[in-house]
Amino acid sequence: MTADELRKDLDAASARMKEATLTSESVFKGKLLDVWRDTAQLPNGATATREHFHHPGAAAIVPVLPDGRLVLVKQYRYPMHRAFVEFPAGKIDEGEAPLATAQRELLEETGYHGGEWTELTTIHNAIAYCDERIILFMADGIQAGKQNLDENEFVEVFTATLEELLSWIAAGVVTDVKTIISAFFVEKFREGRGDQVPVQGQPVSSGA
């Protein structure tokens with residue numbers, strides 16, 4: 001089955017299994033997430049409660065230095081109460097193009113900028129309870145600049161080879177899903193098994 005055939009098959013399955021929203025109640029509105037409690041009608045006519053988060057979406061970046069090393073960050077994630085190794089990422093602001101988000105976040109979190117930008121894919125990382133999507137980009141041949149973190153934001157920047165990152169993933173030390181998927185995409189491209197999709201847009205300036 002080709003990708004186009006699967007896409008059509010999923011459209012048909014969506015129509016067969018559609019859960020129609022009967023009521024929708026806003027439970028909580030936050031700076032990052034909105035929580036909703038809906039009543040949905042199931043395909044067999046029964047009803048069910050669906051609790052879900054609304055998220056505006058995010059962009060993540062695989063920053064690649066001219067020597068091939070990858071730029072990574074360490075961030076403390078409060079829900080898990082520990083630091084994680086990740087690729088830089090951030091929330092898409094209202095009306096902002098995902099590429100602009102990616103370029104802005106890379107500059108703010110790491111200070112790196114420029115390079116040739118490639119869109120890798122879009123992932124949905126919590127489909128059971130959240131509509132968040134993350135658009136993954138690769139920025140190849142980036143240049144160093146000045147980090148510009150938000151107030152009370154703490155991000156540590158470091159570099160690693162792809163081989164090191166893959167070994168950390170295999171050992172269960174790196175568990176962030178966007179970072180794992182991005183690493184596998186980069187590995188595929190380096191092996192010559194991927195089709196890169198260059199994206200348009202001027203890289204932001206470092207301001208330095």
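## Exercises on a predicted model

Tyr129 has a relative accessibility of 46%, so it counts as partly exposed. This structure is a predicted model. The exercises below start from Tyr129 and its ring partner.

### Exercise 1. An aromatic pair across the sequence

Task: classify Tyr129 by burial, do the same for Phe53, then work out how their rings meet and which parts they join.

Solution.
- Step 1. Partly exposed covers the range between under 20% and over 50%. Tyr129, at 46%, therefore falls in that class. Phe53, at 29%, is also partly exposed because of the same limits.
- Step 2. A pair of aromatic rings is described by the distance of the centres and the angle of the planes.
- Step 3. Rings pair if their centres lie within 6.5 Å, and planes over 60 degrees apart count as edge-to-face. The count by this rule is four aromatic pairs. For Phe53 and Tyr129 the centres are 6.0 Å apart and the planes stand at 75 degrees, so this pair is edge-to-face.
- Step 4. Phe53 belongs to strand E3 (residues 47–54). Tyr129 sits in the loop between strand E8 (116–123) and strand E9 (134–140). The pair therefore ties together parts 76 residues apart in sequence.

### Exercise 2. A pair inside one helix

Task: what is the geometry of the pair Phe185 and Phe189, and how are the two residues placed in helix H4?

Solution.
- Step 1. The ring centres are 6.2 Å apart and the planes are at 65 degrees, so Phe185 and Phe189 form an edge-to-face pair.
- Step 2. The two residues are four apart in H4, so about one helical turn separates them.
- Step 3. Phe185 and Phe189 are both buried.

### Exercise 3. Checking helix H4

Task: does the end-to-end distance of H4 agree or disagree with its residue count?

Solution.
- Step 1. H4 covers residues 177–190, which makes 14 residues.
- Step 2. The expected span is 1.5 Å times one less than the number of residues. For H4 that should be 20 Å.
- Step 3. The end C-alpha atoms of H4 are 20 Å apart, so the two values agree.
- Step 4. Now look at burial along the helix. Lys178, Thr179, Ile180, Ser182, Ala183, Phe185, Val186 and Phe189 are the buried residues of H4.
- Step 5. Look past the end. Gly192, just after H4, has a positive phi of about 80 degrees.

### Exercise 4. The nonpolar cores

Task: how many residues has the largest nonpolar core, and which element supplies its largest share?

Solution.
- Step 1. The largest nonpolar core holds 26 residues. Val62, Leu70, Leu72, Leu120, Met138, Leu165 and Ile169 have the most contacts inside it.
- Step 2. At least two residues of this core come from each of strand E4 (58–64), strand E5 (70–77), E8, E9, strand E10 (156–160), helix H3 (162–170) and H4.
- Step 3. H4 gives the largest share, five residues.
- Step 4. Another core, of 14 residues, lies apart from it and includes Ala102, Leu106, Tyr112 and Trp117.
- Step 5. Take Leu70 as a sample. Beyond neighbours within four places in sequence, its contacts include Val62, Phe87, Phe158, Leu162, Leu165 and Arg190.

### Exercise 5. Charges over rings

Task: which rings lie under Lys74 and Arg82?

Solution.
- Step 1. Lys74 is placed over the face of Phe158, 4.8 Å from the ring centre.
- Step 2. Arg82 has its charged end over the ring of Phe84, at 3.9 Å from the centre.

### Exercise 6. Asp34 in strand E2

Task: is Asp34 buried or exposed, and what does it touch?

Solution.
- Step 1. Asp34 is part of strand E2 (residues 34–41).
- Step 2. Its relative accessibility is 16%, so Asp34 counts as buried.
- Step 3. With neighbours within four places in sequence left aside, Asp34 contacts Phe28, Lys29, His52, Phe53 and His54.

### Exercise 7. The whole chain

Task: how many helices and strands does the protein chain have, and what share of its residues is buried?

Solution.
- Step 1. The protein chain has four helices and 11 strands.
- Step 2. Of its 208 residues, 38% count as buried.
- Step 3. Among contacts with a separation of 6 or more, 59% join residues 24 or more positions apart.
- Step 4. The C-alpha trace spans about 60 × 45 × 35 Å along its principal axes.
- Step 5. The accessible surface is about 12,400 Å², and carbon and sulfur atoms hold 52% of it.

Conventions: Residues numbered from 1 in each chain as written. Predicted model: local features only at pLDDT ≥ 70, side-chain atom pairs only at ≥ 80, totals over all residues. Heavy atoms only, no water. Buried < 20%, exposed > 50% of the residue type's maximum accessible area, 1.4 Å probe, protein only. Phe/Tyr/Trp six-rings, centres within 6.5 Å; stacked < 30°, edge-to-face > 60°. Lys NZ or Arg CZ within 6 Å of the ring centre and 35° of its normal. Core = buried A, V, L, I, M, F, W, Y, C linked by side-chain atoms within 4.5 Å. Contact = heavy atoms within 4.5 Å. Areas by Shrake-Rupley, 256 points an atom, 1.4 Å probe, with all protein chains shown as cover.
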